[in-house]
Amino acid sequence: MAGALLSVLALTLTATGCGGSAKTSAEAATTTVVDRVEPLTDTPRPRLPVTVDSADGTRVTVRKADRIVPLSGSLSEIVFTLGLGDRVVARDITATFEQAEKLPVVTRNHDVSAESVLSLRPDLVLAEETSGPSEAMEQIRAAGVPVLVIAPALGLEDVGPRIRAVSGALGVPAAGKELTDRSEQRIAVVRKEVPHDGDRPRVAFLYLRGSASVYLIGGRGSGATSLLEAAGAVDAGADSGLTKDFTAITAEALVKAAPDAILVMSKGLESVGGVDGLVKIPGVAQTPAGMERRVVSIEDGVLLNYGPRTDQVLRRLVEQLYGADK
């Protein structure tokens, strides 16, 4: 996910068709999929040691990769898809896919437990720029554990670089190239299926956590723009002039954004009572999306990862956005 959204997720965790082909609320809000990653066919063998660049400006030497701790769901997904999931000994709370679900949770993004991480005797910790607090990260480094920070994912162009950064650190660069090629080819196939007739639908990305009273609309930097544009849509929040990554939802902001459809995370939609609850949020019912109940719902743990399953995310977005007209 984008760094901005990781910050929002950390805070809250701790405290259809457009243009006449809209799906009903039940159709648009439910997408039953098996939450699994698809590892490469051949399991690679790491060739270590390697010394690689970390996104925090340091150089990190990785001598072993038998016990890996990725500090985000996105990084876990890459390691598992490379075929090295049997080496992962812990997970972040956002690693929700089936192969990782039984691993112990040692971090909730901005709430890394250094003690829990170190108790698992890791050879390598893979971190996001948002991983913290800084005291916990320094405690892990002080214990002699290599910590590699991976540059954040903000759009489709980051899929390959993130895969290559992780695979390079694990000593499996050839597998990284294979996975990058596979991921980018699959994304390209989906993009070719996007309808190009008619006006581009305007889609607002809303981040919702009803239990924490968090209701935000994404603007520039939310991480959703690249995905929406790949689906042939316009990011309504960014296009309406919202310069911050996320802004508290107001009726005025929604009316100005004038979305034809609303993109939400599935658990966020559930937290506000589904589509019925969504349209009760001030301003939503006054938008074209609210009036037509045009909602696109995609799983929290994968929506903005920009990783090996982004083609699946894009396909679900396209299918729900255009429906039978696709």
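In the predicted model, the side chains of Glu-299 and Arg-316 meet in a salt bridge, with an N to O distance of 2.6 Å. This pair links distant parts of the chain, 17 residues apart: Glu-299 belongs to the loop between strand E13 (295-298) and H14, whereas Arg-316 belongs to helix H14 itself. Both partners are withdrawn from the surface. The relative accessible area of Glu-299 is 16%, so this residue is classed as buried; Arg-316, at 11%, is likewise buried. Elsewhere, salt bridges that share partners connect Asp-35, Glu-77 and Arg-309 into one network. In total, 17 salt bridges are counted in the model.

Two further pairs illustrate other settings for such contacts. Lys-177 and Asp-181 form a salt bridge through their side chains at 2.8 Å, N to O. The two residues are both part of helix H7 and are separated by 4 residues, about one turn of the helix. Lys-177 has a relative accessible area of 52% and is therefore exposed, the cut-off for that class being over 50%. Its partner Asp-181, at 28%, is partly exposed. In the other pair, Asp-66 and Lys-64 are joined by a salt bridge in which the closest N and O atoms are 3.8 Å apart. Here Asp-66 is partly exposed, with 43% relative accessibility, and Lys-64 is also partly exposed, at 45%. As a general point, side chains of opposite charge can pair when their charged atoms come close.

Helix H7, which carries the Lys-177 and Asp-181 pair, also packs against the helix that holds Arg-316. The axes of H7 (residues 173-192) and H14 (residues 310-322) come within 8 Å and cross at roughly 10 degrees. Angles under 35 degrees count as roughly parallel, and H7 and H14 are therefore roughly parallel to each other. The crossing of H7 past H14 is left-handed. On the H7 side, the contact involves Arg-186, Ile-187, Val-189, Val-190 and Arg-191; these meet Thr-310, Asp-311, Leu-314, Arg-315 and Val-318 of H14. Sorted by class, the contact comprises 5 nonpolar, 1 polar and 4 charged residues.

Val-318, one of the H14 residues in this contact, is buried, with a relative accessible area of 3%. Its C-alpha atom is 8.8 Å from that of Pro-195, although Val-318 and Pro-195 are 123 residues apart in sequence.

Helix H3 (residues 73-84) provides an example of an enclosed element. Of its 12 residues, 12 are buried, so the helix is largely enclosed by the rest of the structure. The buried set includes the small residues Gly-73, Ser-74 and Gly-83, together with Leu-75, Ile-78, Val-79, Phe-80, Leu-82 and Leu-84. Glu-77, a member of the salt-bridge network with Asp-35 and Arg-309, is also among the buried residues of H3. The cover over these residues comes from several elements, including strand E3 (68-70), strand E4 (91-92), strand E6 (124-128) and strand E7 (147-150). Helix H6 (159-169) and H7 also contribute to the cover of H3. H7 thus takes part both in the covering of H3 and in the contact with H14.

Several local backbone features occur in loops. A cis peptide bond joins Leu-48 and Pro-49, with omega about 10 degrees; Pro-49 is situated in the loop between helix H2 (25-29) and strand E1 (50-53). Another cis peptide bond joins Gly-132 and Pro-133, with omega about 5 degrees. Pro-133 lies in the loop that runs between E6 and helix H5 (134-142).

Positive phi values in residues other than glycine are found at Arg-121, where phi is near 50 degrees, and at Tyr-306, where phi is also near 50 degrees. Arg-121 is located in the loop between helix H4 (114-119) and E6, and its relative accessible area of 57% places this residue in the exposed class. Tyr-306, by contrast, is buried, with 0% relative accessibility. Tyr-306 occupies the loop between E13 and H14, which is also the location of Glu-299, the salt-bridge partner of Arg-316.

Technical notes
Residues are numbered from 1 along each chain as its sequence is written. This is a predicted model: local features need pLDDT of at least 70, side-chain atom pairs count only at pLDDT 80 or more; totals for chains, interfaces and linings use all residues. Side-chain values use heavy atoms; hydrogens and water are left out. Axes are lines fitted to C-alpha atoms, for helices over the stretch in contact, and angles run from 0 to 180 degrees between N-to-C directions. Angles under 35 degrees count as roughly parallel, over 145 as roughly antiparallel, 65 to 115 as roughly perpendicular and the rest as oblique. A crossing is left-handed if the near helix is turned anticlockwise from the far one by less than a right angle, and right-handed if clockwise. Contact means heavy atoms within 4.5 Å. Ala, Val, Leu, Ile, Met, Phe, Trp, Tyr, Cys and Pro count as nonpolar, Asp, Glu, Lys and Arg as charged, and the others, Gly among them, as polar. A salt bridge is a side-chain nitrogen of Lys or Arg within 4 Å of a carboxyl oxygen of Asp or Glu. Buried means under 20% relative accessible area, exposed over 50%, partly exposed in between (1.4 Å probe, protein chains only).
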